[in-house]
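Hi everyone, thanks for making the time. I'd like to walk you through one structure today, starting with some aromatic rings and then moving on to a helix pair and a tryptophan. Let's put it on the screen.

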Amino acid sequence: MEATPQDMPGPARPPLLDSTASLLVKGYGWLPDLRRRARNAPAVPVRILGRRGVALHGKEAVDFFYDERHVRRQDALPGPVLDTLFGRGAVHPLDGGPHRGRKALFLTLLKDPERIAALVEHARRAWDRAEADWQGRERVVLFDEAARVLTRAVHDWAGVPLPDGEEETAARDLVAMVDGFAAVGPRHLRARRARKRQEERLAPLIEELRYAGAPSGQATIAQAVAAHTDANGRQLDPHTAAVELLNVLRPTVAVTWFLVFAAHALHRWPEHRDLLTADEQHTWGFAQEVRRFYPFAPFTGGLAAADTQWGGVPIEKGSLVLLDLYGHDHDPDLWPEPYAFDPARFTRPGAPIGRDDLVPQGGGDPATGHRCPGEDITLALLAALVPRLARLSHDVPDQDLSIPLHRVPTLPRSGYVMERVRLTSPAAAR
């Protein structure tokens with residue numbers, strides 16, 4: 001929806017000062033702070049790395065942002081993000097027909113209920129094996145252990161060989177790609193090296209799968225990616241296919257962040273533990289509230305496809321357009337008492353949650369736009385593993401569980417340390 005003249009509060013002046021330093025200092029709080037200083041305007045001019053743009057906020061802004069007539073992705077993602085998080089040649093910076101054709105591959109693989117159920121079963125088995133190991137150790141860092149659990153599960157599910165000796169390296173690399181995409185210095189360099197190492201590991205696998213020919217039964221994730229053809233009828237080159245296979249593996253392991261946030265929530269509000277072991281509806285609401293309450297992606301961005309305007313702010317063709325995700329998920333107009341952790345807000349009768357009310361993994365229609373197609377997988381994994389986490393008997397030693405909002409992506413500083421883990425009964429876990 002484009003703003004009309006009567007909607008406009010008056011002309012907005014472009015920012016005089018570059019906000020890059022402020023973004024690095026404030027992180028998730030940067031755009032919400034800009035909006036507060038602009039009296040909660042739906043559009044705020046910004047300047048980052050010398051480039052002018054506008055930051056948008058609100059449900060109508062979500063529709064505007066994910067409309068390719070207004071915002072395009074081609075050339076929008078900075079090179080450092082492509083070299084760490086998404087990979088060169090990935091689906092994310094594509095637009096129009098090429099994007100929809102490539103996106104169809106991910107929708108087929110990541111939104112199929114049978115495939116999702118199979119991944120959940122792999123994750124349950126990997127968690128139960130890991131949990132049995134934790135009881136013999138003095139202390140366990142949940143972030144590290146959950147990353148290994150999800151790495152093993154997604155490799156087994158996707159049909160990607162992962163010898164036991166490589167599990168640690170793969171988990172560390174997949175985490176590094178997420179941890180370093182918005183950083184400078186050592187974190188960013190680790191992310192670049194991790195991506196290069198994993199792309200080089202997977203490209204030969206793509207070639208091996210193609211040489212082996214079509215599978216006799218249902219294709220694995222890896223086989224489907226290897227066989228995929230774009231609109232031109234040609235298969236992806238081995239490097240690009242490896243990039244897209246990583247764009248299945250990496251986001252699944254990124255659910256680690258949500259699992260640690262879930263542990264943080266259970267530590268702060270332990271009254272949810274019993275409900276999570278007995279009430280599937282509460283478990284679903286808890287998973288959604290973890291995604292809403294805790295900081296995941298601060299914002300997403302693109303480039304203006306044409307000269308236009310929003311909320312009284314002119315938007316020049318080719319300028320930056322940012323959509324405030326963290327601020328949206330903590331907007332009191334959408335979420336009463338937004339800084340209260342309340343899973344029941346998702347399960348109360350008569351209060352349905354609209355598609356673009358909750359946008360931690362982007363907004364819009366995943367079938368036609370750039371919303372993450374893996375949201376169903378995120379929710380399914382949380383619904384399966386959070387009850388196991390709630391049943392896990394352990395001590396929480398003194399540690400730094402603060403969540404620094406200047407760090408993107410953030411998580412509790414300690415990674416959530418557990419001591420004296422006592423084994424639960426896998427048979428009792430849902």
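Here is a warm-up for you: does F65 count as buried or exposed? F65 counts as buried, because its relative accessibility is 0%. Before I go further, please keep in mind that this is a predicted model.

Next to F65 in our story comes Y66. Y66 is buried too, with a relative accessible area of 14%. The ring centres of F65 and Y66 lie 5.0 Å apart and the planes stand at 80 degrees, so we call this pair edge-to-face. The cut-off behind that label is an angle over 60 degrees.

Now please scroll along to F293 and Y294. Their ring centres are 5.0 Å apart and their planes are at 75 degrees, so this pair is edge-to-face. As for burial, F293 has a relative accessible area of 11% and is buried, while Y294 counts as buried at 2% relative accessibility.

Which cluster do F293 and Y294 belong to? Ring pairs join them with F261, W269, F286 and F341. Across the model, the count of aromatic pairs comes to 16.

Let's turn to the helices. How do α6 and α16 pack? Helix α6 covers residues 113–134 and helix α16 covers residues 375–391; their axes are 10 Å apart, at an angle of about 30 degrees. An angle under 35 degrees counts as roughly parallel, and α6 and α16 are therefore roughly parallel to each other. The crossing of α6 past α16 is right-handed.

If you'd like to colour the contact yourselves, the α6 side includes I116, L119, V120 and W127, and the α16 side includes I377, L381, L385 and L389. Charged residues take part as well, among them R124, D128 and E131 from α6 and D376 and R388 from α16. By class, the contact has 11 nonpolar, no polar and five charged residues.

My last stop is W335. Where does W335 sit? You'll find W335 in the loop between α15, residues 325–328, and α16. W335 is buried, as its relative accessible area is 2%. Leaving out residues up to four places away in sequence, W335 touches R292, H328, D329, H330, R345, F346, I353, D357 and L358. For a sense of distance, W335 and H406 are 71 residues apart in sequence, and their C-alpha atoms are 23 Å apart in space.

That's my tour, and I'm happy to take questions.

Technical notes: Residues are numbered from 1 along each chain as its sequence is written. This is a predicted model: local features need pLDDT of at least 70, side-chain atom pairs count only at pLDDT 80 or more; totals for chains, interfaces and linings use all residues. Side-chain values use heavy atoms; hydrogens and water are left out. Rings of Phe, Tyr and Trp (its six-membered ring) pair if their centres lie within 6.5 Å; planes under 30 degrees apart count as stacked, over 60 as edge-to-face and the rest as tilted. Buried means under 20% relative accessible area, exposed over 50%, partly exposed in between (1.4 Å probe, protein chains only). Axes are lines fitted to C-alpha atoms, for helices over the stretch in contact, and angles run from 0 to 180 degrees between N-to-C directions. Helices (H or I, at least four residues) and strands (E, at least two) are DSSP runs, numbered from the N terminus. Angles under 35 degrees count as roughly parallel, over 145 as roughly antiparallel, 65 to 115 as roughly perpendicular and the rest as oblique. A crossing is left-handed if the near helix is turned anticlockwise from the far one by less than a right angle, and right-handed if clockwise. Contact means heavy atoms within 4.5 Å.
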